[in-house]
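The exercises that follow ask the reader to work through ligand surroundings and ring geometry, each with a solution in steps. Please keep the sequence and the structure at hand while reading.

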Amino acid sequence: MAFFSRNKEENHSADLSDIQLPVHVGIIMDGNGRWAKRRGLPRKAGHSEGAKTFRKITRYCSEVGIKYLTVYAFSTENWKRPQDEVNSLMKLFKSYLEEALSDFKDDDIIVKFIGDKSHFTEDLQQLMIENEGSSKNRSGMVLNIAMNYGSRDEIVRAVKNICADVKQGKISDSDINESLISNYLYTAGQPDPDLIIRPSGEYRISNFMLWQAAYTEFVIMNKLWPDFQKSDLDEALRIYSHRSRRYGGV
Ligand code: IPE
Ligand code: IPE
Ligand code: MG
């Protein structure tokens with residue numbers, strides 16, 4: 001049975017040609033801890049399983065034609081978790097940066113890290129820079145991995161950089177407008193997310209893309225992230241395609 005269900009998922013393909021796809025999808029990859037707890041496993045087992053889901057869903061997003069995918073992997077607040085959980089997450093990030101991400105070369109995926117890299121160990125920072133460098137000339141989907149990302153922190157950083165640039169005469173205060181602010185964020189040059197998916201059933205944004213999500217459509221799903229399947233992404237895309245986006249108009 002397990003064989004069948006895995007095989008079914010591997011061969012999964014959906015006809016999404018009739019629907020309007022979002023250009024930029026954000027995913028708050030939540031529910032790893034609860035997935036593990038329900039199985040009587042340590043939380044880190046949930047994170048390992050969640051990392052596999054990340055690999056599968058990222059590749060699938062690229063296959064179906066999503067142009068930008070932003071995944072929330074570790075927030076500025078997640079450092080408050082018990083030290084052994086943080087340590088196991090860092091170990092997992094390291095092994096992904098060493099192996100899994102290089103797999104994305106066959107999928108033509110451009111990898112970027114959004115968030116404050118300076119809090120990570122030197123070797124992790126180096127791996128992030130290498131992954132960004134080696135993928136930057138690809139032409140496929142842009143994958144933003146939000147690590148040590150917090151949107152309030154991102155906005156504070158943007159305000160400081162704007163102030164510094166005004167002081168140095170690079171810009172003047174009359175240049176400050178919405179598009180300039182967008183260009184001081186980590187997502188500079190990218191379209192705002194059209195759709196944010198949050199698995200695990202939580203109805204909150206948890207400091208993710210506060211500025212960029214002004215008119216984003218939200219889809220909350222009851223699946224925990226390690227259980228998230230390609231068919232769940234199809235469902236979220238279909239729900240999105242039926243939304244009427246008005247941007248304050250009529
Ligand atoms: C998301 O899963 C992963 C990270 C925040 C790093 P959680 O670890 O938050 O899982 P739950 O929400 O406790 O189930
Ligand atoms: C949001 O999940 C951050 C990530 C998924 C990386 P959390 O589990 O940290 O959020 P809260 O604590 O439920 O708001
Ligand atoms: Mg959580």
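**Exercise 1: contacts of ligand 1**

In this predicted model, a backbone N or O atom of Gly31 lies 3.3 Å from an oxygen atom of ligand 1. Task: identify which residues surround ligand 1, and state how much of its accessible area the protein covers.

Solution. Begin with the polar contacts, for which the cut-off is 3.5 Å between N or O atoms. Besides the backbone of Gly31, at 3.3 Å from a ligand oxygen, a backbone N or O atom of Gly33 is found 2.9 Å from an oxygen atom of ligand 1, and a polar atom in the side chain of Arg43 is also 2.9 Å from an oxygen atom of this ligand. Of the 380 Å² of accessible area that ligand 1 has on its own, the protein covers 88%.

Next, write out the shell, which consists of Met29, Asp30, Gly31, Asn32, Gly33, Arg34, Arg43, His47, Ala73, Asn78, Arg81 and Leu89. Sorted by class, these residues are three nonpolar, five polar and four charged.

Finally, place the ligand in the fold: ligand 1 sits in the largest pocket, and the elements that give two or more residues to its shell are helix H2 (32–38) and helix H3 (43–64). H2 gives the most, with three residues.

**Exercise 2: contacts of ligand 2**

Task: determine which side chains place a polar atom by an oxygen of ligand 2, and which strand gives the largest share of the shell around ligand 2.

Solution. Take the side chains in turn. A polar side-chain atom of Asp30 is 3.2 Å from an oxygen atom of ligand 2, one of Arg198 is 3.4 Å from an oxygen atom of this ligand, and an N or O atom in the side chain of Arg204 lies 2.8 Å from a ligand oxygen. The protein covers 78% of the 390 Å² of accessible area that ligand 2 has on its own.

Then assemble the shell, where Ile28, Met29, Asp30, Tyr72, Ala73, Phe74, Asn78, Arg81, Arg198, Arg204 and Ser206 are found around ligand 2; by class they comprise five nonpolar, two polar and four charged residues. Strand S2 (residues 68–75) supplies the largest share, three residues. The space that ligand 2 takes is the largest pocket.

**Exercise 3: an aromatic pair**

Task: classify the pair formed by the rings of Tyr72 and Tyr149.

Solution. The description of such a pair rests on the distance of the ring centres and the angle of the planes. The structure holds eleven aromatic pairs. For Tyr72 and Tyr149 the ring centres are 5.8 Å apart and the planes stand at 85 degrees, so the pair is edge-to-face. Because Tyr72 lies in strand S2 and Tyr149 in strand S4 (residues 142–149), the pair ties together parts that are 77 residues apart in sequence.

Notes
Residues numbered from 1 in each chain as written. Chains lettered and ligands numbered in written order. Predicted model: local features only at pLDDT ≥ 70, side-chain atom pairs only at ≥ 80, totals over all residues. Heavy atoms only, no water. Near = heavy atom within 4 Å. Polar contact = N/O pair within 3.5 Å; in protein donor to acceptor, adjacent residues only side chain to side chain. Areas by Shrake-Rupley, 256 points an atom, 1.4 Å probe, with all protein chains shown as cover. 1 Å grid on protein atoms, 1.4 Å probe; cavity = no way out; pocket = protein on both sides within 12 Å on 5 of 7 lines; lining within 4 Å. Sits in = over half its atoms within 2 Å of the grid points. Helix = DSSP H or I, 4+ residues; strand = E, 2+ residues; numbered from the N terminus. Nonpolar A, V, L, I, M, F, W, Y, C, P; charged D, E, K, R; others polar. Phe/Tyr/Trp six-rings, centres within 6.5 Å; stacked < 30°, edge-to-face > 60°.
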